[in-house]
Amino acid sequence: MGLDTGKPLSTLHEKASYDVADFAVPTGREEEWRFTPLSRLKGLHEGVAASANVVVQVEAAPEVTVETVGRDDQRVGKAYVPADRVSAQAYASFEKATVLTVPREAVASKPTVITLTGSGQGAAYGHTVVRLEPMAEAVVVLDHQGSAVYADNVEFVVGEGATLKVVSLQDWADDAVHVSHHHALLAKDATFRGFVVTLGGDLVRLSPSVSYEGPGGDAELNGLYFVDAGQHLEHRLLVDHSKPGCRSNVDYRGALQGQDAHAVWIGDVIIRVEAEGTDTYELNRNLLLTDGARADSVPNLEILTGEVAGAGHASASGRLDDEHIFYLQARGIPFEDARRLVIRGFFAQLLEKIEVPELRERVLARVEAELEK
């Protein structure tokens with residue numbers, strides 16, 4: 001079942017379909033795949049990977065309904081249509097989906113945590129739907145652990161006036177491969193706060209996207225990643241402004257160390273003709289801690305209307321500031337401690353936005369552990 005989405009000029013998002021056959025097997029020459037080392041996907045892009053299992057456990061707030069449903073459930077696939085072959089393969093291959101529902105005007109009393117644990121080398125496919133009815137509020141954590149070759153799609157459906165905050169933590173084992181699409185669909189005056197933390201895995205390619213169903217939608221997409229030697233961590237974002245008076249803000253920051261540490265960040269924002277009054281900004285910053293590390297950062301802003309409240313983007317990749325290090329050393333702080341302080345400061349503003357204290361402390365501890373390597 002194909003779908004003509006009416007996407008405008010951006011060639012990165014020109015096709016969307018539930019059918020795997022509508023997408024050719026990528027060769028690496030395509031714009032959307034040129035940064036991804038296909039040989040390390042372990043067959044996900046070809047559909048030949050052997051099947052395996054990822055265990056899904058949900059610790060839900062008492063106000064949240066949790067269901068495990070089949071492929072025929074009407075709530076599955078309503079907010080998002082796959083935009084590349086791996087996403088379509090995941091949609092065609094998952095057996096059971098996890099559906100979380102927060103009732104109208106309910107305010108979840110604690111975060112709902114979905115823990116996905118891999119236990120083998122074969123490929124697994126998943127699907128998750130998080131639905132907030134009008135005026136509801138909730139915090140959801142996606143915690144990825146263990147060893148797996150995993151592809152999935154996650155749909156966030158945020159009702160009118162509702163507020164959803166999501167933290168997705170990729171804390172995989174060193175050999176894991178994870179390709180995922182997260183899509184948030186915002187109704188009128190809905191608020192979405194998405195925070196991605198990517199630390200583990202051999203190859204992780206995560207594609208968060210946002211679209212709007214009515215005016216007044218407000219989305220923030222934040223991300224933190226730390227890339228070690230040989231790791232490939234890729235984040236590809238799309239914010240599609242198609243309604244008037246909506247807002248989006250993107251802030252992703254990463255640190256890289258070691259030979260062949262590779263980070264890729266693609267940030268696409270489309271402001272359509274009918275999206276007057278849009279206010280949007282996207283930022284990506286990369287800190288290269290050693291020689292041999294590489295960061296590719298490509299912000300794209302496509303504006304099809306002259307009536308915008310604000311629109312901009314910025315990207316910067318560089319090394320530690322020698323003046324900052326010198327300033328601290330001049331006050332008696334040893335080099336390694338000074339280095340750690342500067343890197344922690346680089347991430348501090350983002351870390352404060354993780355509203356689950358124990359998760360924030362866990363991420364900070366993991367960053368500290370990376371700096372000890």
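**Parallel strands, a kinked helix and a pocket**

In this predicted model, strand S16 (residues 278–288) and strand S18 (residues 308–318) run parallel and are joined by 10 bridges. Within this pairing, Glu 282 stands opposite His 313 in S18. Strand S16 is also joined to strand S14 (residues 247–256), again in parallel, through 10 bridges. Here Ala 255 is found opposite Leu 287 in S16. Strand S16 is mostly covered, with eight of its 11 residues buried.

Helix H3 comprises 17 residues (residues 335–351). At 1.5 Å a residue, a helix of this length should span 24 Å, and the end C-alpha atoms of H3 are 23 Å apart, which agrees. The helix nevertheless contains a kink of about 30°, centred on Gly 345. The buried residues of H3 include Ala 338, Val 342, Ile 343, Phe 346, Phe 347, Leu 350 and Leu 351. Arg 339 and Arg 340 are likewise buried. An α-helix has 3.6 residues a turn, so residues three or four places apart point the same way.

The second largest pocket holds about 460 Å³ of space. Its lining consists of 24 residues, of which Asn 53, Val 54, Glu 95, Lys 96 and Tyr 125 are the closest to the centre of the pocket. At least two lining residues are supplied by each of strand S3 (54–59), strand S4 (65–69), strand S5 (97–102) and strand S6 (112–132). Strand S6 provides the largest share, seven residues. By residue type, the lining of this pocket divides into 12 nonpolar, nine polar and three charged residues.

Methods: Residues numbered from 1 in each chain as written. Predicted model: local features only at pLDDT ≥ 70, side-chain atom pairs only at ≥ 80, totals over all residues. Heavy atoms only, no water. Helix = DSSP H or I, 4+ residues; strand = E, 2+ residues; numbered from the N terminus. Expected span 1.5 Å × (residues − 1). Bend = angle between axes of the 7 residues up to and from the residue. Buried < 20%, exposed > 50% of the residue type's maximum accessible area, 1.4 Å probe, protein only. Pairing = 2+ DSSP bridges. 1 Å grid on protein atoms, 1.4 Å probe; cavity = no way out; pocket = protein on both sides within 12 Å on 5 of 7 lines; lining within 4 Å. Points joined across faces, edges and corners; volume = space filled by probe spheres on them. Nonpolar A, V, L, I, M, F, W, Y, C, P; charged D, E, K, R; others polar.
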